Amino acid sequence: MRPVIPYVVAAVLFGIGGFGVLRRRNAILLLMAVELMLNAVNLILVTASVTVHSMLAAAGAAGYTGQVFVLFIIVIAAAEVGVGLAIVLQLYRLRASAEVDTVPLAEPEAEVLAR
Amino acid sequence: MTVTDVLLLGLGAVAIGAGLLVVTTAHLVRAGLYLVVCLGSLAGMFLVLTAELVAWVQVLIYVGAVVVLLLFAVMLTRAPIGASADLDRPGWPGLLIGGGAGLGLAALFVDAYRWTAVELPDAGTAARVGGEVFGSWVLPFEVLSILLLAALIGAIVVSRPDVGAHH
């Protein structure tokens, strides 16, 4: 197995995710691009786990640490999407649009509470 | 080129193609469905790389839960069914930074691993990875459960209109 193939795929996917985060205006599409970036990192961790494992095995140690980290990242990503979508829906309820570049950063208090 | 390499190349090409479509398509719902294809082929790559438990967790949580949640949000924000023209900003900053990061990292990896070939280890089955989780990583695992609880409560508090409102 040549580790260069999954490594390059992961690097390109990370670039695509970064491109999507900067290009998309819709908050949900933005979250999808963030998922792409997270998955690229997962692929790098799994590949590194496999690559280093075969070198560790020669020394008599067994480690699946990379894969454990991937599990942790998947759980954190699930939590992130839950909270993120709650915020997006609240934004939509307040402003009737989910576009991130029309959100005013300094919001007068009275306008937020009008419902 | 072994069978593993060919499988990785094919699945990687599918993942990259679907990923490109996720960030360029003008249909909100289609972006979610392309994300399923991309995450599914990544799960296939995990399987080929012998990370068995991770692959199934990826299918269960990402394809099963995260994408469904994203599609729910698409529906709840009353996204239009057809193509929408106003989804994108001007592309050149994203192209510059995304392309720079992607190609730069790819060049680094190619430089470091060009001729390396490794033997695939024993599969990361549930027993082996579980042994590792409950051997070396018990404390982070427990902290993670608290994080999930906090995210759950946070999502409920954020989405309830009557919490924190001034009447």
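This report describes the fold of chain B, the contact between chains A and B, the nonpolar core and some individual residues in a predicted model.

**Chain B**

Chain B contains 6 helices and 0 strands, and its elements follow the order α-α-α-α-α-α from the N terminus. The radius of gyration of this chain is 20 Å, well over the 15 Å given by the globule rule for 167 residues, so chain B is more spread out than a compact globule. Its C-alpha trace extends over about 65 × 45 × 25 Å along the principal axes. Of the 167 residues in chain B, 29% count as buried. When contacts in chain B between residues at least 6 apart in sequence are considered, 61% join residues at least 24 apart.

The domain assignment divides chain B into domain 1 (3–83 + 91–120) and domain 2 (125–160). The C-alpha centres of these two domains of chain B are 24 Å apart.

Helix H2 of chain B (residues 28–48) has 21 residues, which should span 30 Å at 1.5 Å a residue; the C-alpha atoms at its ends are 31 Å apart, in agreement with that value.

**Contact between the chains**

In chain A, 65 residues are in contact with 80 residues of chain B. On the side of chain A that touches chain B, the elements giving two or more residues are helix H1 (4–23), helix H2 (27–58) and helix H3 (65–95) of chain A. Of these, H3(A) gives the most, with 22 residues. By class, this side of chain A has 46 nonpolar, 13 polar and 6 charged residues.

**The largest nonpolar core**

The largest nonpolar core has 74 residues, of which A:Leu13, A:Ile28 and A:Met32 touch the most other members. At least two residues of this core come from each of H1, H2 and H3 of chain A and from each of helix H1 (3–24), H2 and helix H3 (52–76) of chain B. H2(A) gives the most to this core, with 16 residues.

Leaving aside residues up to four places away in sequence, A:Leu13 touches A:Leu36, A:Asn39 and A:Ala40, and in chain B it touches B:Ala15, B:Ile16 and B:Gly19.

**Residues in loops**

A:Arg24 is located in the loop between H1 and H2 of chain A. This arginine, A:Arg24, counts as buried because it has 25 C-beta neighbours inside 10 Å, where 20 or more are required. Residues up to four places away in sequence aside, A:Arg24 touches A:Leu29, A:Leu30, A:Ala33, B:Val23, B:Leu87 and B:Asp88. The C-alpha atoms of A:Arg24 and A:Glu99 are separated by 8.9 Å, although the two residues are 75 residues apart along the chain.

Positive phi values occur at A:Ala96 and at B:Thr50, each a residue other than glycine. B:Thr50 comes just after H2(B). The table sets out the two residues.

| Residue | Phi | Loop | C-beta atoms of other residues within 10 Å | Class |
|---|---|---|---|---|
| A:Ala96 | near 60° | between H3 and helix H4 (109–113) of chain A | 9 | exposed |
| B:Thr50 | near 70° | between H2 and H3 of chain B | 21 | buried |

A:Ala96 thus counts as exposed, whereas B:Thr50 is buried.

Conventions:
Residues numbered from 1 in each chain as written. Chains lettered and ligands numbered in written order. Predicted model: local features only at pLDDT ≥ 70, side-chain atom pairs only at ≥ 80, totals over all residues. Contact = placed C-beta atoms within 7 Å. Helix = DSSP H or I, 4+ residues; strand = E, 2+ residues; numbered from the N terminus. Nonpolar A, V, L, I, M, F, W, Y, C, P; charged D, E, K, R; others polar. Domains from an automatic or database assignment. Rg over C-alpha atoms; globule rule 2.2 N^0.38 Å. Buried ≥ 20, exposed ≤ 12 C-beta atoms within 10 Å, placed from the backbone. Expected span 1.5 Å × (residues − 1). Core = buried A, V, L, I, M, F, W, Y, C linked by C-beta atoms within 7 Å.
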